[in-house]
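Here's a quick tour of a protein model, meant to be read with the structure open beside you. Let's see how its helices and strands fit together.

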Amino acid sequence: MRKITASARSQHMVPKNCGLNPRRIREGLQTDFIGQELYYQAEVTSTNDLAKELAEKGSKEGTVVLSETQSQGRGRHGRRWESPAGGVWLSIILRPKIEPQEASKLTLTAGVAVARVLRETFDLKAEIKWPNDLLIHGRKVCGILTETSTTGEALDFVVVGLGVNSNVDLDSLPDTLRGSVTSLKEELKGEINQQEFLRALLEKLEQYYKLFIQMEFDSILEEWRRLATLLGRYVEITSLDEKIKGQVVDVDQNGALMIRLPDGSLKRFVSGEVTLQT
Ligand code: BT5
C-alpha cells in the first residue's frame, strides 16, 4: 500500500500508469486534514475495509484511502458496489465526538458536499435521494456508505466511503444497472480531470465536515432539503421487511425521513429503501 504524506513524496512513490495520481492530488490540496494523509492502491477489496483497518491501528482523522478499482466494493446491507477503473472509490476516516446513532448525519453531510461539487465544478444538476444516493437526471452517479466502529456506547471512529462514477464507461457496468445509473463522463460527453475533481471533492468534504463538527448540522440540513429529490413526493419505503406507502414530508434533526401515511399519521424512518410512486 502506498502512503503519500508531506514527508514521503519522493518520486519513486508515484504510481505509474494510474488514472489517479495521488502525489499530484496531495500537492495541490487545500485542506487542513482531509486527504493530507492519503493511502493509494491500484486495487483493493474495499476502501472502507482498508480504512477501518488503518483506523483501528490509530490512523488520524482525515486519512483517505483511494483505489482505482475494488474487487468487493460494498453498498448498504452487503450489496455489491460495482467499482471498475475510471471511478473514484475512496474512504475517509473521521473521529467526530458524536453519539454512534448520529453517524447517519455524516452521510447527509457528505451528500451535500458531493452535490455541491458536481453542481459548481460541472454545472450538473445533481440531486440527493435519501439517504445516500446522488442522482443526475434521476440516475445514480454516486453512493455513500457510512460505517462506524464502537466500543460499548462510545463511537471510536467513522468511515465515510464514497463511490463516484466519474470516468466510468457505462458499458463496464452490468446490464442490470443500465437505465438506473450514470457517470460524469456520460453526462458531460467526455472525461473529466480526476485529480482536479478529487481535490475539489476533498476540499468540499472538509468544508462541510468542519461545519458539522461546529454543530452547524441545521444549516447543512437546510441545504440538504434544497438538494433533495424526495421532499413532497409519494414513495414506497421498505424498511426492516416492512413496505409502506406515503408522502415524504421532511427529514428530521437526525436525518431520519418523515413520511405521512395514508391515515394522516407521521412515521419516522432511520433507514430504508425508497422508490418513487408513479
Ligand atoms: C450505496 O449503497 O450506494 C453505497 C455505495 C458506496 C460505495 C463506496 S466506494 C468506496 C467505499 N468502499 C466500498 O466498499 N464502498 C464505498 P446502496 O444504497 O446499498 O446501493 C447499492 C446499489 O447501487 C446496488 O445494489 C446497485 O443497484 C447500485 N450500484 C452498484 N454499483 C453501482 C455503481 N457503480 N453506480 C451506480 N449504482 C451502482
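Before the strands, one term: two strands pair if DSSP finds at least two bridges between them. Keep in mind as you go that this is a predicted model. We'll begin with a small strand pair, move on to the helices, and then look at a sheet and a few single residues.

**A hairpin and its loop**

- Strand β5 covers residues 126-129 and strand β6 covers residues 133-136; the two pair in the antiparallel sense, with four bridges between them.
- If you want one bridge to look for, find E127 and its partner in β6, which is L135.
- The link from β5 to β6 is a hairpin, and three residues make the connection.
- P131 sits in that loop between β5 and β6.
- The peptide bond that joins W130 and P131 is cis, with omega at about -5°.

**Helix α3 against helix α6**

- Take helix α3 (residues 104-122) and helix α6 (residues 217-227): their axes come within 10 Å and cross at roughly 55°.
- That angle makes α3 oblique to α6, and the crossing is left-handed.
- On the α3 side, the residues that meet α6 are K105, L108, T109, V112, A115, R116 and R119.
- Their counterparts in α6 are F217, I220, L221, E223, W224 and L227.
- Sorted by class, this contact of α3 with α6 has eight nonpolar residues, one polar and four charged.

**Helix α3 against helix α5**

- α3 also meets helix α5 (residues 194-213): here the axes come within 9 Å and cross at roughly 135°.
- Which word fits the way these two helices lie, parallel or oblique? α3 and α5 are oblique to each other, because angles over 145 degrees would be needed for roughly antiparallel and 65 to 115 for roughly perpendicular.
- This time α3 passes α5 in a right-handed crossing.
- By class, the contact of α3 with α5 has 15 nonpolar, two polar and four charged residues.
- Between α5 and α6 there is a loop, and M215 lies in it.
- M215 has a phi near 65°, which is a positive value in a residue other than glycine.

**The five-stranded sheet**

- Trace the strands in the order β12-β11-β10-β9-β13 and you have an open sheet of five strands with antiparallel pairing.
- At the edges are β12 (266-269) and β13 (273-276), each of which pairs on one side only.
- On average, neighbouring strands of this sheet are turned by 45° against each other, direction ignored.
- Zoom in on strand β9 (residues 234-239) and you'll find that β9 and β13 pair in the antiparallel sense over four bridges.
- One bridge here links T238 to its partner in β13, E273.

**Aromatic pairs**

- How many aromatic pairs are there? The count comes to five.
- One of them is formed by F33 and Y209, and this pair is edge-to-face, at 6.1 Å centre to centre with 70° between the planes.
- F33 lies in the loop between α1 (22-28) and β2 (38-44), while Y209 is in helix α5, so the pair ties together parts that are 176 residues apart in sequence.

Key. Residues are numbered from 1 along each chain as its sequence is written. This is a predicted model: local features need pLDDT of at least 70, side-chain atom pairs count only at pLDDT 80 or more; totals for chains, interfaces and linings use all residues. Side-chain values use heavy atoms; hydrogens and water are left out. Axes are lines fitted to C-alpha atoms, for helices over the stretch in contact, and angles run from 0 to 180 degrees between N-to-C directions. Angles under 35 degrees count as roughly parallel, over 145 as roughly antiparallel, 65 to 115 as roughly perpendicular and the rest as oblique. A crossing is left-handed if the near helix is turned anticlockwise from the far one by less than a right angle, and right-handed if clockwise. Contact means heavy atoms within 4.5 Å. Ala, Val, Leu, Ile, Met, Phe, Trp, Tyr, Cys and Pro count as nonpolar, Asp, Glu, Lys and Arg as charged, and the others, Gly among them, as polar. Rings of Phe, Tyr and Trp (its six-membered ring) pair if their centres lie within 6.5 Å; planes under 30 degrees apart count as stacked, over 60 as edge-to-face and the rest as tilted.
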